[in-house]
Amino acid sequence: MASISLSLSPNPNHLYNDTVFSPQSHFLRRVATVSTLSGRHLNNKTSLSTSPEKYRREKLAAVRMSSTVSDSHSYDVVVVGAGIIGLSIARQLLNGSDLSVTVVDAAVPCSGATGAGASGYIWMVHKVPGSEKWELAMRSRELWEKFAEDVKHQGMDPQEVLGWKKTGSLLVGKTSQEMAALKEKVEQLSKAGLKAELLSSTELQEVEPALVIGEEGGAAFLPDDYQLDARRSVAYIEKENRKYATEGRYREYYNQPLTGLLRSESGKVEAVQTSKNLLYSKKAIVIATGCWTGSLMQELIKDLDIEFDVPVKPRKGHLLVIENFNSFKLNHGLMEVGYVSHQDATRQPSAETETLSVSMTATMDTSGNLVLGSSRQFVGFNTKISEHIINLIWERAGEFFPSLRKHLLTDLEKSREVRVGLRPFMPGGKPMIGLVPGLSNVFLAAGHEGEGLSLALGTAEMVADMVLGNPTKVDNAPYALHTHCS
């Protein structure tokens with residue numbers, strides 16, 4: 001039976017004053033509900049057909065009608081959003097300063113794009129040296145490597161704890177034109193200091209026997225690329241953050257949608273109001289709510305006389321997971337050349353017929369599941385599974401792995417999982433990282449599209465440095481919010 005790994009419900013046995021302390025509580029699988037911040041307040045009784053925007057309006061109206069807030073607390077930094085970006089920012093601040101930090105979310109960790117993607121690719125093979133995101137991507141990669149080493153030095157297995165694995169990545173082409181582009185790509189990556197190789201079709205066949213691309217094809221190969229498991233990584237980061245709770249420096253407020261900002265006469269935002277608590281901030285507030293950031297910020301600033309556009313939009317994606325797959329084994333992470341343009345499309349189409357694109361990505365996770373992707377489309381906050389898109393992903397994968405054609409997708413229904421998530425799309429392809437114009441202590445970190453996991457640690461370091469007033473390790477100018485709104 002197909003499932004959706006987007007909405008995950010907390011374990012009520014681990015709730016204390018609406019603070020969730022169990023890292024296992026949000027890993028329930030096969031939950032057929034939708035959970036969004038513009039609808040991430042949905043509970044297990046909400047159907048997939050419910051409009052997230054309508055639900056959000058009704059929820060906010062109900063909260064505003066409430067005459068009191070049940071409790072108030074004070075922290076140095078309030079982080080709104082418990083995805084990989086928000087939790088990584090909290091981790092960076094906790095490890096790198098003596099500030100107290102709280103994380104707020106309308107649902108629980110892994111309820112959005114982080115949980116839906118699950119397999120994280122720390123791949124550089126499809127990135128462009130010298131581009132505006134290159135420096136941030138390289139810094140994030142370095143920080144992930146250090147993170148994995150730190151886990152190892154503590155006597156733990158990074159693969160078990162983070163799903164961390166050096167798989168290497170392959171960018172695959174079938175035609176002579178694509179091979180010419182791949183040759184240039186390898187030269188660029190090599191000049192940028194990465195170990196990169198161009199594999200012929202014969203050489204590629206030796207490392208990936210199940211892959212069939214024809215005599216003209218081949219691949220760009222980066223042997224030192226990694227992948228990780230999003231849910232394991234989030235669970236571990238959350239566990240590490242909670243160690244600071246005994247010092248009074250950390251707390252979580254989950255299942256509490258943000259409903260407003262408390263602003264002083266000087267213009268500083270002093271607190272955020274949730275559905276149940278008023279959380280004061282002495283130093284900074286960080287909004288890291290993925291694709292819901294645009295609609296959330298619009299709601300929050302509408303009464304503050306600030307004109308500011310956050311053009312983050314949801315970009316829906318499907319992944320197909322075949323559990324305990326044993327027909328063949330993949331040794332690396334793979335994507336077709338077309339994935340690059342598929343991912344980097346920076347304009348939101350005006351017509352719905354233009355919105356769907358499907359390209360081949362394939363890898364095996366640490367549990368032996370075959371993970372196939374991927375699709376991208378603009379359909380608002382709709383997270384309903386489309387069997388048509390799943391069939392397209394299967395058919396596209398079959399063009400590269402002919403042995404898949406021996407299986408009917410309907411025959412795999414009991415062993416398959418479908419993951420649907422909403423990537424935070426940004427026109428121009430760059431995330432927004434920086435201060436909100438007109439609000440001296442409110443930062444945004446959103447719009448990472450499908451690169452949230454790979455860019456998370458670099459983003460967290462950048463935000464923490466800005467909050468602390470330190471020079472940033474990576475130039476933050478390309479991500480400044482005013483550049484997105486001019």
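Q: In this predicted model, is Glu 449 buried or exposed?
A: The relative accessible area of Glu 449 is 12%. A residue counts as buried under 20%, so the state of Glu 449 is buried.

Q: Where along the chain does Glu 449 lie, and what is its phi?
A: Glu 449 belongs to the loop that runs between strand S21 (442–446) and helix H12 (452–468). Its phi is positive although the residue is not a glycine. The value is near 50°.

Q: Which residue in the loop between strand S15 and strand S16 has a positive phi, and is it buried or exposed?
A: The loop between S15 (313–322) and S16 (333–336) contains Asn 324. Asn 324 is not a glycine, yet its phi is positive, at about 50°. Its relative accessible area is 58%. Since exposed means over 50%, Asn 324 is exposed.

Q: What percentage of the residues in the chain is buried?
A: The chain has 486 residues, with twelve helices and 21 strands. Taking under 20% relative accessible area as buried, the buried share of the chain is 60%.

Q: Among contacts between residues at least 6 apart in sequence, what percentage joins residues at least 24 apart?
A: The contacts considered here are those in the chain between residues at least 6 apart in sequence. Of these, the share that joins residues at least 24 apart is 75%.

Q: Why is helix H2 described as largely enclosed by the rest of the structure?
A: H2 covers residues 84–96, and its first and last C-alpha atoms are 18 Å apart, close to the 18 Å expected at 1.5 Å a residue. Among its buried residues are Ile 84, Ile 85, Gly 86, Leu 87 and Ser 88, and also Ile 89, Ala 90, Arg 91, Leu 93 and Leu 94. H2 is largely enclosed because, of its 13 residues, the number buried is ten.

Q: At what angle do H2 and helix H8 pack, and how far apart are their axes?
A: Two packed helices are described by the angle between their axes and the distance between the axes. H2 passes H8 (residues 230–242) in a left-handed crossing. The angle is about 35°, and the distance between the axes is 10 Å.

Q: Which residues of H8 make the contact with H2?
A: From H2, the contact involves Ile 84, Leu 87, Ser 88, Ala 90, Arg 91 and Leu 94. The residues of this contact divide into six nonpolar, two polar and one charged. On the H8 side, the residues are Val 234, Ile 237 and Asn 241.

Q: What distance separates the end C-alpha atoms of helix H4?
A: H4 (residues 134–153) has 20 residues, and at 1.5 Å a residue they should span 28 Å. Its buried residues include Trp 134, Leu 136, Trp 144 and Phe 147. H4 is followed by Gly 155, with a positive phi near 85°. The distance between the end C-alpha atoms of H4 agrees with the expected span, at 29 Å.

Q: The side chain of Gln 227 has a polar atom at 3.0 Å from the backbone oxygen of which residue?
A: Gln 227 is placed in strand S10 (residues 226–229) and, at 2% relative accessibility, counts as buried. The residues that it touches include Trp 123, Trp 164, Lys 165, Thr 363, Met 364 and Asp 365. The backbone oxygen at 3.0 Å from a polar atom of the Gln 227 side chain belongs to Met 364.

Q: With the side chain of which residue does the side chain of Thr 274 make a polar contact?
A: Thr 274, in strand S13 (residues 269–274), counts as buried at 0% relative accessibility. Residues touched by Thr 274 include Val 104, Pro 257, Leu 258 and Leu 279. The polar contact of its side chain, at 2.5 Å, is with the side chain of Gln 256.

Q: How far apart are the C-alpha atoms of Thr 274 and Asp 105?
A: Along the chain, Thr 274 and Asp 105 are 169 residues apart. In space, the separation of their C-alpha atoms is 9.1 Å.

Q: What is the distance in space between Asn 391 and Thr 410, C-alpha to C-alpha?
A: Asn 391 is in helix H11 (residues 387–400) and is partly exposed, with a relative accessible area of 33%. Asn 391 and Thr 410 are 19 residues apart in sequence. Their C-alpha to C-alpha distance is 9.8 Å.

Q: What is the omega of the cis peptide bond from Gly 373 to Ser 374?
A: Ser 374 lies in strand S18 (residues 370–376). The peptide bond that leads to Ser 374 from Gly 373 is cis, with omega near -10°.

Terms used: Residues numbered from 1 in each chain as written. Predicted model: local features only at pLDDT ≥ 70, side-chain atom pairs only at ≥ 80, totals over all residues. Heavy atoms only, no water. Helix = DSSP H or I, 4+ residues; strand = E, 2+ residues; numbered from the N terminus. Expected span 1.5 Å × (residues − 1). Buried < 20%, exposed > 50% of the residue type's maximum accessible area, 1.4 Å probe, protein only. Axes fitted to C-alpha atoms, helices over the stretch in contact; angles between N-to-C directions. Left-handed = near helix turned anticlockwise from the far one by under 90°. Contact = heavy atoms within 4.5 Å. Nonpolar A, V, L, I, M, F, W, Y, C, P; charged D, E, K, R; others polar. Polar contact = N/O pair within 3.5 Å; in protein donor to acceptor, adjacent residues only side chain to side chain. Lists of a residue's contacts leave out its neighbours within four places in sequence.
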